[in-house]
Amino acid sequence: MKSFITAAREFALDEEGVTAIEYGLVAAVIAGVVVAAFKTLGAGLDTAFTAIAAKITTVLNT
């Protein structure tokens with residue numbers, strides 16, 4: 001049992017390769033937040049972008 005605890009402790013303290021995993025987890029969390037935000041704000045964003053596109057079209061056609 002002592003060797004298992006020692007191995008677990010060494011594994012926990014080993015930081016090699018952790019950076020790539022951490023970046024992957026951070027990217028996944030950010031992607032999840034962005035998806036949730038777009039789902040929540042989707043209708044409002046659609047309306048806003050439609051209004052902006054209409055104004056740009058009006059300015060370009062004059």
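How far apart are the end C-alpha atoms of residues 20–38, and what percentage of that stretch is helix? Select residues 20–38 in this predicted model, and you will find a segment that is 100% helix and 0% strand, with its end C-alpha atoms 27 Å apart. The choice of these residues comes from UniProt, where an unreviewed entry lists 20–38 under "transmembrane region".

Next, select residues 2–13, which form helix α1. Its 12 residues reach 17 Å from the first C-alpha to the last, close to the 16 Å expected at 1.5 Å a residue. Colouring by accessibility is useful here: of the 12 residues of α1, the number buried, that is, under 20% relative accessible area, is zero, so the helix lies largely in the open.

Now widen the selection to the whole protein chain, whose secondary structure comes to two helices and zero strands. The radius of gyration of the chain is 24 Å, well over the 11 Å that the globule rule gives for 62 residues, so the chain is more spread out than a compact globule. Turn the C-alpha trace along its principal axes, and the spans come to about 80 × 20 × 10 Å.

With the surface switched on, the protein chain exposes about 5,700 Å², of which carbon and sulfur atoms supply 72%. Buried residues make up 0% of the 62 residues in the chain.

As a last stop, select the charged side chains of the protein chain, which carry 4 positive and 6 negative charges; the mean positions of these two groups are 11 Å apart.

Note on methods. Residues numbered from 1 in each chain as written. Predicted model: local features only at pLDDT ≥ 70, side-chain atom pairs only at ≥ 80, totals over all residues. Heavy atoms only, no water. UniProt positions renumbered as here; feature names shortened; annotations may be inferred. Helix = DSSP H or I, 4+ residues; strand = E, 2+ residues; numbered from the N terminus. Rg over C-alpha atoms; globule rule 2.2 N^0.38 Å. Buried < 20%, exposed > 50% of the residue type's maximum accessible area, 1.4 Å probe, protein only. Areas by Shrake-Rupley, 256 points an atom, 1.4 Å probe, with all protein chains shown as cover. Lys, Arg positive; Asp, Glu negative; His and termini not counted. Charge placed at Lys NZ, Arg CZ, Asp CG, Glu CD. Expected span 1.5 Å × (residues − 1).
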